[in-house]
Amino acid sequence: MAQDLPPQGGYEPVQYKRNLPARGFRPGYYLLGMFAIMGYGWYKYIKGVRELNELGREKMWSRIHLIPLLQAENDRDQVRRYWADQDREQELLGKKTRIYHSDRFVRPTYGITPTNISK
């Protein structure tokens with residue numbers, strides 16, 4: 001019996017992989033788009049941080065410039081309280097008293113006390 005042999009010129013190549021068209025863009029384009037979006041995000045983030053720093057600096061300088069005004073308001077309030085205290089002492093004691101037997105001004109300290117004390 002004769003042996004089966006391949007045809008002259010050989011068999012046609014066997015198609016073992018699928019012939020599907022490539023879908024979408026090449027991966028390099030996706031990477032490029034991702035880096036572009038990330039770059040824009042970092043740009044906006046850095047710009048926002050700089051803006052926040054500038055707003056913080058502006059707030060700090062506004063507070064620095066308001067300190068003399070607030071200090072003057074506090075001083076006026078203390079003088080008003082001092083004179084009211086002196087008038088109250090004059091009314092209660094009948095004479096003008098001095099603290100520590102001195103004419104030196106002593107800044108008063110006020111302690112917060114509750115209005116209704118339960119016993």
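A residue counts as exposed when its relative accessible area is over 50%, as buried when that area is under 20%, and as partly exposed in between. The legends below apply these classes to a predicted model.

**Figure 1. Overall form of the protein chain in the predicted model.** The protein chain contains one helix and zero strands. Its C-alpha atoms fill a box of roughly 150 × 45 × 20 Å along the principal axes. The radius of gyration is 45 Å, whereas a compact globule of 119 residues would have a value near 14 Å. Of the 119 residues, 2% count as buried. The accessible surface of the chain comes to about 12,800 Å², and carbon and sulfur atoms account for 60% of this area. The chain carries 20 positive and 13 negative side chains, with the centres of the two sets 4 Å apart.

**Figure 2. Tryptophan and tyrosine pair, W42 and Y45, in helix α1.** The structure holds four aromatic pairs. To place this view beside that of Figure 3, the ring centres of F25 and Y29 are 6.4 Å apart with planes at 90 degrees, so that pair is edge-to-face. The rings of W42 and Y45 likewise have planes at 90 degrees, with centres 5.7 Å apart, so this pair is also edge-to-face. W42 and Y45 are three residues apart in helix α1, about one turn of the helix. W42 has a relative accessible area of 53%; because exposed means over 50%, W42 belongs to the exposed class.

**Figure 3. Aromatic cluster of F25, Y29 and Y30.** Ring pairs join these three residues into a cluster. One of the contacts is that between F25 and Y29, whose ring planes stand at 90 degrees. The two partners fall into separate accessibility classes: F25 is exposed at 60% relative accessibility, while Y29 is partly exposed at 47%. Helix α1 comprises residues 27-93.

**Figure 4. Salt bridge between E54 and R57.** The structure holds four salt bridges. In the one shown here, the closest N and O atoms of E54 and R57 are 2.6 Å apart. The two residues are separated by about one helical turn because they lie three residues apart in helix α1. Both partners are partly exposed: E54 has a relative accessible area of 41%, and R57 one of 45%. G56 is also found in helix α1, and with a relative accessible area of 35% G56 is partly exposed.

**Figure 5. Salt-bridge network of D77, R80 and R81.** Salt bridges link these three residues into a network. Within it, the side chains of D77 and R80 meet at an N to O distance of 2.6 Å. D77 and R80 lie three residues apart in helix α1, so about one helical turn separates them. The acidic partner, D77, is partly exposed, with a relative accessible area of 26%.

**Figure 6. Salt bridge between D85 and R88.** The closest N and O atoms of D85 and R88 are 3.3 Å apart. Both residues belong to helix α1, where they are three residues apart, about one turn of the helix. D85 counts as partly exposed at 31% relative accessibility, and R88 counts as partly exposed at 47%.

**Figure 7. Separations along the chain, marked by F35 with R88 and by G56 with A84.** F35 lies in helix α1 and is exposed, with a relative accessibility of 52%. The C-alpha atoms of F35 and R88 are separated by 76 Å, and the two residues are 53 residues apart along the chain. R88 is the residue that forms a salt bridge with D85 in Figure 6. A second marked span runs from G56 to A84: these residues are 28 residues apart along the chain, and their C-alpha atoms are separated by 41 Å. G56 is a residue of helix α1.

How values were computed: Residues are numbered from 1 along each chain as its sequence is written. This is a predicted model: local features need pLDDT of at least 70, side-chain atom pairs count only at pLDDT 80 or more; totals for chains, interfaces and linings use all residues. Side-chain values use heavy atoms; hydrogens and water are left out. Helices (H or I, at least four residues) and strands (E, at least two) are DSSP runs, numbered from the N terminus. The radius of gyration is taken over C-alpha atoms; the globule rule is 2.2 Å times the number of residues to the power 0.38. Buried means under 20% relative accessible area, exposed over 50%, partly exposed in between (1.4 Å probe, protein chains only). Accessible areas come from the Shrake-Rupley method with a 1.4 Å probe; for residues, only the protein chains shown count as cover. Lys and Arg count as positive and Asp and Glu as negative; His and the chain ends are not counted. The place of a charge is taken as NZ of Lys, CZ of Arg, CG of Asp or CD of Glu. Rings of Phe, Tyr and Trp (its six-membered ring) pair if their centres lie within 6.5 Å; planes under 30 degrees apart count as stacked, over 60 as edge-to-face and the rest as tilted.
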